[in-house]
Amino acid sequence: NMWEKILLTLQQNISEQGYKTWFSETKLLKQKNDAFLIKVPTQFIADYLNKNYQDRVEGCNSNNLDEST
């Protein structure tokens with residue numbers, strides 16, 4: 001799925017520790033077009049990802065969408 005492609009891109013572009021800390025336990029719950037609902041273990045992680053990684057995730061999504069067309 002698209003979230004797995006985004007995770008792979010992130011894994012290649014951020015530190016191993018950063019990936020393990022913030023993304024390893026995420027799970028795609030729902031996708032509608034290019035919007036994702038992602039399950040995370042805690043509200044703290046959700047807040048951190050929204051504040052610090054939202055632009056990067058959106059960039060990965062745009063790149064993956066471009067490649068799939």
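Here are a few exercises with worked solutions on the predicted model shown above.

**Exercise 1. The pocket**

Find out how much space lies in the largest pocket and which elements give two or more residues to its lining.

*Solution.* Start with the volume: the largest pocket holds about 430 Å³ of space. Next, look at its walls. The lining consists of 17 residues, and those nearest the centre are W3, F36, I38, N50 and V57. Two or more lining residues come from each of strand 2 (35-39), helix 3 (43-52) and helix 4 (54-68). Finally, sort the lining by class: eleven residues are nonpolar, four are polar and two are charged.

**Exercise 2. A ring pair at the pocket**

Describe the aromatic pair formed by W3 and F36, and explain why it ties together parts that are apart in sequence.

*Solution.* A pair of aromatic rings is described by the distance of the centres and the angle of the planes. For W3 and F36 the centres are 6.1 Å apart and the planes make an angle of 50°. An angle between 30 and 60 degrees is neither stacked nor edge-to-face, so the pair counts as tilted. Now place each partner: W3 belongs to helix 1 (residues 2-13) and F36 to strand 2, so the pair joins parts that are 33 residues apart in sequence. Last, check accessibility. W3 has a relative accessible area of 5% and is buried, while F36 is partly exposed at 22%. Both W3 and F36 are also among the residues nearest the centre of the largest pocket.

**Exercise 3. A second ring pair**

Classify the aromatic pair of F23 and Y53, then say which cluster these residues belong to.

*Solution.* Take the geometry to begin with: the ring centres of F23 and Y53 are 5.1 Å apart, with 85° between the planes. Planes over 60 degrees apart count as edge-to-face, so this pair is edge-to-face. Then locate the partners. F23 sits in the loop between helix 2 (16-22) and strand 1 (27-32), and Y53 in the loop between helix 3 and helix 4, 30 residues apart. Both are buried, F23 at 1% relative accessibility and Y53 at 12%. To finish, widen the view: F23 and Y53 join Y19, W22, F44 and Y48 in one aromatic cluster. The whole structure holds six aromatic pairs.

**Exercise 4. The nonpolar core**

Work out which residues of the largest nonpolar core touch the most other members, and which helix gives the most to this core.

*Solution.* This core has 16 residues, and I6, F23, L49, Y53 and V57 touch the most other members. Helix 1, helix 2, helix 3 and helix 4 each give two or more residues. Helix 1 gives the most, with five. As an example, follow L49. This residue is found in helix 3 and is buried at 11% relative accessibility. L49 and F23 are 26 residues apart along the chain, and their C-alpha atoms are separated by 8.6 Å.

**Exercise 5. The salt bridge**

Locate the salt bridge of K20 and say whether its partner E16 is buried or exposed.

*Solution.* The count comes to one salt bridge. In it, K20 pairs with E16, and the closest N and O atoms are 3.0 Å apart. Both residues lie in helix 2, four residues apart, which is about one turn of the helix. K20 is partly exposed at 48% relative accessibility. For E16 the value is 56%; being over 50%, E16 counts as exposed.

Conventions. Residues are numbered from 1 along each chain as its sequence is written. This is a predicted model: local features need pLDDT of at least 70, side-chain atom pairs count only at pLDDT 80 or more; totals for chains, interfaces and linings use all residues. Side-chain values use heavy atoms; hydrogens and water are left out. On a 1 Å grid over the protein atoms alone, a cavity is a set of points where a 1.4 Å probe fits but cannot get out, and a pocket is an open set with protein on both sides within 12 Å along at least five of seven lines; lining residues have an atom within 4 Å of a point. Grid points are joined across faces, edges and corners, and a volume is the space filled by probe spheres set on the points. Ala, Val, Leu, Ile, Met, Phe, Trp, Tyr, Cys and Pro count as nonpolar, Asp, Glu, Lys and Arg as charged, and the others, Gly among them, as polar. Rings of Phe, Tyr and Trp (its six-membered ring) pair if their centres lie within 6.5 Å; planes under 30 degrees apart count as stacked, over 60 as edge-to-face and the rest as tilted. Buried means under 20% relative accessible area, exposed over 50%, partly exposed in between (1.4 Å probe, protein chains only). A salt bridge is a side-chain nitrogen of Lys or Arg within 4 Å of a carboxyl oxygen of Asp or Glu. A nonpolar core is a set of buried Ala, Val, Leu, Ile, Met, Phe, Trp, Tyr and Cys residues joined through side-chain atoms within 4.5 Å.
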